[in-house]
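This report walks through one structure, with attention to its helices, sheets, aromatic rings and cysteines. Please keep the sequence and the model in view while reading.

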Amino acid sequence: MLRYDALQKTVLKTDPYPYLVLPDAFEEGQLQDVISDFPDIQHPGSIPIAEAGTGPGFDAMIKELESDQFRAAIEAKFGVDLTDCPTMFTVRGVMRQKDGRIHTDSKTKVITVLFYFNEEWANEGGYLRVLRNGTDIEDYVDEIPPSAGTMVAFRVTDNCWHGHKPLVGQRRSIQMNYLVSHAALGKHQFFHGLSAKLKKLFS
């Protein structure tokens, strides 16, 4: 489903931390199946894949992202060994005003991979920004629209600052993480599951 040749040729940027952007990550004809099967999410927060209603096109994409081929492609691009790193998937569909605040990812994550599934994007907010610091959303080196089929991946470092200007409404994405251990996976799954239930309850 994915354009591995294009991923191989994509430049790995290193300022201010290692990351890449691939605007058209899917082979022709594959993206629409995933969009059609994207979970119908009506509440905010990061939702574990197991708790999201999915379809065959979406499930096929997740299976490919869990494959040795994709893992090897990410290893080669970032120069890391992910052999013993379990994967975790979460989905988002709805954003709140406070979402997108500047942050770095948890140190229990080695690589973060994002895919966006928004067919049209007219909102001024929601563009992912690769930032130089943790305080200024305007001090960015790259701004990436959350357009359908776009892939972003970055190495989790102490300075992997990122975020986006606020918006309220639909913004569909999948986040995949390679984690440092299975213990870290269990911890993330517990807290993501609990958070998702609470947000659904109070939304």
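## Helix α4 and the loop after it

α4 is followed by Gly79, whose phi is positive, near 65°. The model discussed here is a predicted one. Helix α4, which spans residues 68-78, lies across β1, β3, β4, β7 (151-155) and β9, and runs at about 55° to β7. The buried residues of this helix are Phe70, Arg71, Ala73, Ile74, Glu75, Lys77 and Phe78, a list in which charged residue names stand beside the phenylalanines.

In the loop between α4 and β3 one finds Thr83, which counts as exposed because its relative accessibility is 55%. When neighbours within four places in sequence are left aside, Thr83 is in contact with Arg71 and Glu75, both of which are among the buried residues of α4. The side chain of Thr83 also makes a polar contact of 2.5 Å with the side chain of Asp81. Thr83 and Glu64 are 19 residues apart in sequence, and their C-alpha atoms are 16 Å apart in space.

## The six-stranded sheet

Six strands form an open sheet in the order β1-β7-β4-β9-β3-β2, with antiparallel pairing. Strands β1 (19-22) and β2 stand at the edges with a single partner strand each, so one side of each is left without a neighbour in the sheet. Strand β3 (residues 87-95) is joined to strand β9 (residues 169-179) by eight bridges, and the two run antiparallel. β3 also pairs with β2 in the antiparallel sense, over two bridges. Eight of the nine residues of β3 are buried, so this strand is largely enclosed by the rest of the structure.

Helix α3 lies across β3, β4 (109-116) and β9, and runs at about 30° to β9. In a regular strand the side chains alternate between the two faces of the sheet.

Some of the residues that face one another across paired strands are set out below, including one from the second sheet.

| Residue | Opposite residue | Strand of the opposite residue |
|---|---|---|
| Phe89 | Met176 | β9 |
| Val94 | Gln170 | β9 |
| Pro48 | Thr90 | β3 |
| Arg129 | Gly163 | β8 |

What surrounds Asn177, a residue of strand β9? Leaving aside its neighbours within four places in sequence, Asn177 is in contact with Pro86, Thr87, Met88, Asp105, Lys109, Ile111 and Thr112. With one of these residues, Thr112, Asn177 shares a polar contact between side chains, at 2.7 Å. Asn177 counts as buried because its relative accessibility is 0%.

## The three-stranded sheet

Three strands form an open sheet in the order β6-β5-β8, and here too the pairing is antiparallel. Strands β6 (140-144) and β8 (162-163) stand at the edges, each with a single partner strand, so one side of each lacks a neighbour in the sheet. Between strand β5 (residues 128-131) and β8 the pairing runs over two bridges.

## Aromatic rings

The structure holds six aromatic pairs. In one of these, the rings of Phe38 and Phe58 have their centres 5.7 Å apart and their planes at 85°, so the pair is edge-to-face. Phe38 lies in the loop between α2 (31-36) and β2 (47-48), whereas Phe58 lies in helix α3 (residues 56-65), so the pair ties together parts that are 20 residues apart in sequence. Both Phe38 and Phe58 are buried. Phe26, Phe38, Phe58, Phe115 and Phe117 form one aromatic cluster.

## Cysteines

How many disulfides does the structure hold? The number is zero. Cys85 is in no disulfide, and the nearest cysteine sulfur, which belongs to Cys160, is 15 Å away, whereas a disulfide requires two cysteine sulfur atoms within 2.5 Å. Cys160 is likewise in no disulfide, its nearest cysteine sulfur being that of Cys85. Cys85 counts as buried because its relative accessibility is 10%, and Cys160 is buried with a relative accessible area of 0%.

Terms used: Residues are numbered from 1 along each chain as its sequence is written. This is a predicted model: local features need pLDDT of at least 70, side-chain atom pairs count only at pLDDT 80 or more; totals for chains, interfaces and linings use all residues. Side-chain values use heavy atoms; hydrogens and water are left out. Rings of Phe, Tyr and Trp (its six-membered ring) pair if their centres lie within 6.5 Å; planes under 30 degrees apart count as stacked, over 60 as edge-to-face and the rest as tilted. Helices (H or I, at least four residues) and strands (E, at least two) are DSSP runs, numbered from the N terminus. Buried means under 20% relative accessible area, exposed over 50%, partly exposed in between (1.4 Å probe, protein chains only). Two strands pair if DSSP finds at least two bridges between them. Contact means heavy atoms within 4.5 Å. Axes are lines fitted to C-alpha atoms, for helices over the stretch in contact, and angles run from 0 to 180 degrees between N-to-C directions. A polar contact is a pair of N or O atoms within 3.5 Å; within protein, one must be able to donate a hydrogen and the other to accept it, and residues adjacent in sequence count only if both atoms are side-chain atoms.
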